[in-house]
Amino acid sequence: MSGMERCRVMLEAARIIREQREEIATMETINNGKSIFEARVDIDISWQCLEYYAGLAGSLAGEHIQLPGGSFGYTRREPLGVCVGIGAWNYPFQIACWKSGPALACGNAMVFKPSPFTPISVVRLAEIFTEAGVPKGLFNVVQGGAATGQFLCQHPDVAKISFTGSVPTGMKIMEMAAKGIKPVTLELGGKSPLIIFSDADLENAVKGALMANFLTQGEVCCNGTRVFVERKILDTFTKEVVKRTQKIKIGDPLLEDTRMGALINRPHLNRVQGFIKQAKEQGAEVLCGGDLYVPDDQKLKNGYYMRPCVLGNCKDDMTCVKEEIFGPVMAILPFDTEEEVVERANATKFGLAGGVFTRDIQKAHRVVAALKAGMCFINNYNVSPVELPFGGYKSSGELCVTSPGTCQLQGLRVAPGTAWSCVLTPALPCRIWQGERPGSHRVLLAAEDCLRGDG
Ligand SMILES: NC(=O)c1ccc[n+]([C@@H]2O[C@H](COP(=O)([O-])OP(=O)(O)OC[C@H]3O[C@@H](n4cnc5c(N)ncnc54)[C@H](O)[C@@H]3O)[C@@H](O)[C@H]2O)c1
Ligand SMILES: NCCCC=O
């Protein structure tokens, strides 16, 4: 198909998703346990993602290169072929759209494997693609766990792997991809810093801290779970955060007023509570929550519910501050100076996201520029519009570069084939990618290098 033909089919899929928003959101709530309130937002981001990539499909073009003596050369953008998408369980439908959107827009086929804990909604996506006119066999769902994932990654006919999940699994995927010399995109875990300066709008900062910690039961990769608070406002901020956390309505995720549903499964619930137990042993103080929540509704009494937890008296070397818990657990850490907090915020193996709350706009930009993190928020948190790139530094994953015939299957939202793309928004650290030209290296440059002229 031509790009415009692919665009039309993808727009139709986006339209069907929009039309069936309520049904798919309900399915996602049952699939994952998150509140229907949040699941609707996930579905909206999903159709927006397909619309976004549909919009790019028609303008994917090669280049004409003039050579001496009247000769010329040209480049074509060709699909890679069969791409594998492997997803995590926290945003099942959305992750499947993030991966299939760019793959299909560029003319690739995709075999998608959801997490075995959330197998359902992606099957609906496959049906929708078929209804919209995606040719049979172009988007495929394979169910299974680690062994199935390995099989897909090692299959000789697979040209590219896009993975969302934990760091240990990401390392295995990268090894498998290396053996097959396959490009890979990794979207991995995080332990992101959220920095609250004393001049911040307190009301907004408290809301931001809740947004950064308790969406989807805290099971969000980019959550700002290390909440650094300037000592001058530590007590006021902590008191308010605890008060608001205790008011979060937990329970049946299908009810309109529920804001926190059930964790994904019993082993994960036990793991999250294990982190809280260990935090107490290491000297942290549970300021609220952390215990099981048993809803009044009899049919939910064995559900995997817990009260959101705020930990005080935390230190940087505690396990609860260093490791990704992937549950509703916020750690509060006092700080005194900007220099100190930036150093502590960056002292982590992860680098997915970061946030700053302050009324001082210069300080805000200075601090986010100094954070070694992919997605940075100023006076806001956990909004990820599809138009913006999403990906990490260090162990949080790799932002792959563009390559001919495909575009990023997640992580880099630029027109495939664009030679230079610059992302420079108030809330994002600037990054510049150099697209591939035949025979050249592809490099990822920090903005500062380019501004100095090194780029
Ligand atoms: N950066 C992002 O965009 C992003 C988004 C969502 C979740 N995450 C991360 O995902 C993690 C939670 O998800 P999870 O528990 O499902 O992660 P996981 O790594 O356990 O599993 C992810 C997927 O990989 C598959 N898998 C497991 N072992 C495999 C192997 N050896 N080979 C191939 N596939 C294999 C699983 O079946 C699943 O589909 C957290 O660390 C979270 O931060 C990151
Ligand atoms: N906004 C979606 C973030 C996905 C990470 O878990």
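User: What makes up the shell around ligand 1, by class?
Analyst: In this predicted model, the shell has 14 nonpolar, twelve polar and four charged residues. Gly goes with the polar ones, by definition.

User: Which residues come nearest to ligand 1?
Analyst: Of the 30 residues around ligand 1, those are G87, K113, S166, T169 and E324.

User: Why is the pair between S166 and ligand 1 called a polar contact?
Analyst: The cut-off is 3.5 Å between N or O atoms. An oxygen atom of ligand 1 sits 2.6 Å from an N or O atom in the S166 side chain, so the pair qualifies. E324 offers a polar side-chain atom, 2.6 Å from an oxygen atom of ligand 1. With L188, a backbone N or O atom is 2.8 Å from a nitrogen atom of the ligand. As for cover, the protein takes up 89% of the 850 Å² of accessible area that ligand 1 has on its own.

User: Which element supplies the largest share of that shell?
Analyst: That's α7, with four residues. α6 (146-154), β6 (158-164) and α7 (167-179) each give at least two.

User: How do you know that domain 1 and domain 2 both contribute to the shell?
Analyst: At least three shell residues come from each of domain 1 (3-188 + 396-424) and domain 2 (193-386).

User: What makes V341 in helix α12 "buried"?
Analyst: The word means under 20% relative accessible area. V341 is classed as buried, along with V342, R344, A345 and N346, so each of them falls under that cut-off. The buried residues of α12 pack against β8 (193-196), β9 (226-230), β12 (329-335) and α13 (361-370).

Technical notes
Residues are numbered from 1 along each chain as its sequence is written. Chains are lettered from A and ligands numbered from 1 in the order in which they are written. This is a predicted model: local features need pLDDT of at least 70, side-chain atom pairs count only at pLDDT 80 or more; totals for chains, interfaces and linings use all residues. Side-chain values use heavy atoms; hydrogens and water are left out. Buried means under 20% relative accessible area, exposed over 50%, partly exposed in between (1.4 Å probe, protein chains only). Contact means heavy atoms within 4.5 Å. A residue is near a molecule or strand if one of its heavy atoms lies within 4 Å of it. A polar contact is a pair of N or O atoms within 3.5 Å; within protein, one must be able to donate a hydrogen and the other to accept it, and residues adjacent in sequence count only if both atoms are side-chain atoms. Accessible areas come from the Shrake-Rupley method with a 1.4 Å probe; for residues, only the protein chains shown count as cover. Domain bounds come from an automatic or database domain assignment.
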